[in-house]
Amino acid sequence: MTLASADAATDTAAAERSHLNSSRARLEGLLGRFHQIRNFTDALCSGLEPEDYVVQSMPDVSPTKWHLAHSTLFFETFILKKFFAGYRAEIPEYAYLFNSYYNAAGDMHRRDLRGLISRPTVQETHRYRASIDSHIDGLLSDVDEKLLDEIEPILVLGIHHEQQHQELLITDIKHVFAQNPLYPVYRKAKTGGRSSATPGSQSSPLQFIEFDEATVAIGHDGHGFAYDNEGPRHQALVPEFSLASRPITNGEYIEFIEANGYTRPEFWLSLGWMTANEQRWQAPLYWMKRDGAWWHFTLSGFRHVDESEPVTHISYFEADAYANWAGARLPTEFEWERAAFDCPVEGNFVEDELFHPAPARRKAPSKLEQMFGDVWEWTRSAYSPYPGYRAAPGALGEYNGKFMCNQYVLRGGSCATSRSHIRRTYRNFFQPEKRWQFTGIRLARDPQ
């Protein structure tokens, strides 16, 4: 062998080792992320009793046990059954019990009857999760790079899907606990930091920050993970507007209540006025007046309303009525995204384990505060497809596209959202009457 050919062989071997190390690191990173998210779901359930896992307090709420099984079924249905040769489901009926809305994947149990499923038990559900996790480990332990290229995007989607259900698990257990006159505590309130504000403490002054008219790129740029409804990226003309420096606080919302905002139809959309009267809304969800003072149920128990915290558990109808009363409006989702361009993705997220909105950090009104975390912010934009959007074929194509009707877009995440799950382009969506999520209000204005 000549010296040149020996050098070439050495270089080839080094390149192969480098490629192998890179593939191994990629696989280890993916598996590490998978187990991190799965373990965090289990951690969110710590402290719950078996009885807590099975209650369904309204059709929108799913029992904790159902969330654990449904998020697991995703990996079984879309990865193991597709890529694991010879895989057979241990309990095939789970595909029916724990399907949600994937019609292409098969029939499903009625959503409003999920609370009637006493079996599998909580213990059996955790065993199901552990079994699927073990099979995922087994599949990926002997996977070549070509197959990994196929599996990785679905596994990443499943990870983000589980993070969505972590948020739903928290908001659902809050609704369940709120129905109990004993007002159970999910987690004790943290002391110190942003969670230590006392009732009546002052928030930063509310000001409006102006933005010039601009044509901006809206939607995800294709780098990293995003849901299909965040694209295609496109140009949008955003006229001049101004945006409130922070979300509306409990104290400011109390002023609306005391101004008889819930009894003045001139501020309300027709359907909102009808809904508020039918459901007898007089304040945000979980609020109650005792001895002339406002109290509300939180995941840390029943306590006084802190006037400096962002108001939450507000429907779109209430947010819109408040905005009209305040002489403002809700922002469009394009205004919100334009304003968020220069805002760091930081805030009070589920990893902080406050499980409740916190007062604004700063006292200076010159910058946007709390654009991310604390409360989802309603926009006045109907949830509809971006220009050129097409849902993907098959069951996974049902993830977002088929819900683009009769819903409004929310932006920014909440105290129940994972920091690693949110993005500037993230489009959450709910029907306008929904209140059990951590939803709040940020005002916008047209040029004065």
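Start with the whole molecule drawn as a surface: the accessible surface of the protein comes to about 20500 Å², and carbon and sulfur atoms account for 52% of that area. What is on the screen is a predicted model, and the values in this tour are computed from its atoms.

**The whole chain**

Switch from the surface to a cartoon, in which 9 helices and 12 strands can be followed through the protein. The radius of gyration is 24 Å, close to the 22 Å that the globule rule gives for 448 residues, so the protein is as compact as a globular protein of that length. If you align the view with the principal axes, the C-alpha atoms fill a box of roughly 90 × 55 × 45 Å.

Next, colour the residues by relative accessibility; buried residues make up 52% of the 448 residues in the protein. A contact map is a useful companion here, since 80% of the contacts with a separation of 6 or more are between residues 24 or more positions apart. Colouring by charge instead brings out 46 positive and 58 negative side chains, and the centres of these two sets lie 3 Å apart.

**The cysteines**

Now select the cysteine sulfur atoms. A disulfide is a covalent bond between the sulfur atoms of two cysteines. With a cut-off of 2.5 Å between sulfur atoms, the count of disulfides comes to 0. Centre on C45, which is in no disulfide and whose nearest cysteine sulfur, that of C415, is 17 Å away; C45 counts as buried, at 2% relative accessibility. Then move to C343, which is likewise in no disulfide and has the sulfur of C415 as its nearest cysteine sulfur, 19 Å away. C343 also counts as buried, with a relative accessibility of 11%.

**The loop between α3 and α4**

Select R119, which lies in the loop between α3 (94-97) and α4 (122-141). Is R119 buried or exposed? At 60% relative accessibility, R119 counts as exposed, because the threshold for that class is over 50%. Leaving aside residues up to four places away in sequence, R119 touches K65 and L97, so showing those two side chains together with R119 gives the contacts of this residue. For a sense of distance across the model, draw a line from the C-alpha atom of R119 to that of Q431, which is 312 residues away along the chain and 31 Å away in space.

Step forward to P120, which is found in the loop between α3 and α4, and look at the backbone that leads into it: the peptide bond from R119 to P120 is cis, with omega near 5°.

Y102 lies in the loop between α3 and α4 as well. Y102 counts as buried, at 3% relative accessibility, whereas R119 counts as exposed. From the C-alpha atom of Y102, a line to that of Q370, 268 residues away along the chain, spans 35 Å.

**Inside helix α5**

Go on to helix α5 (residues 145-178), where E162 is placed. E162 counts as buried, with a relative accessibility of 1%. Which residues does E162 touch, apart from those up to four places away in sequence? They are I37, R38, T41, S71, F75 and R129, and displaying their side chains around E162 shows the surroundings of this glutamate. Add L68 to the view, since E162 and L68 are 94 residues apart in sequence and 8.8 Å apart in space, C-alpha to C-alpha.

**Backbone details in other loops**

Another cis peptide bond can be inspected from G231 to P232, where omega is near 0°; P232 has its place in the loop between β2 (214-218) and β3 (234-238).

For backbone torsions, select H313, which is not a glycine but has a positive phi of about 60°. H313 sits in the loop between β7 (301-304) and α8 (316-325), and H313 is buried, with a relative accessible area of 2%.

Finish at N406, in the loop between β8 (376-382) and β9 (408-411). Phi of N406 is near 60°, a positive value in a residue other than glycine. Is this asparagine, N406, buried or exposed? N406 counts as exposed, at 64% relative accessibility, while H313 is buried.

How values were computed. Residues are numbered from 1 along each chain as its sequence is written. This is a predicted model: local features need pLDDT of at least 70, side-chain atom pairs count only at pLDDT 80 or more; totals for chains, interfaces and linings use all residues. Side-chain values use heavy atoms; hydrogens and water are left out. Helices (H or I, at least four residues) and strands (E, at least two) are DSSP runs, numbered from the N terminus. The radius of gyration is taken over C-alpha atoms; the globule rule is 2.2 Å times the number of residues to the power 0.38. Buried means under 20% relative accessible area, exposed over 50%, partly exposed in between (1.4 Å probe, protein chains only). Contact means heavy atoms within 4.5 Å. Accessible areas come from the Shrake-Rupley method with a 1.4 Å probe; for residues, only the protein chains shown count as cover. Lys and Arg count as positive and Asp and Glu as negative; His and the chain ends are not counted. The place of a charge is taken as NZ of Lys, CZ of Arg, CG of Asp or CD of Glu.
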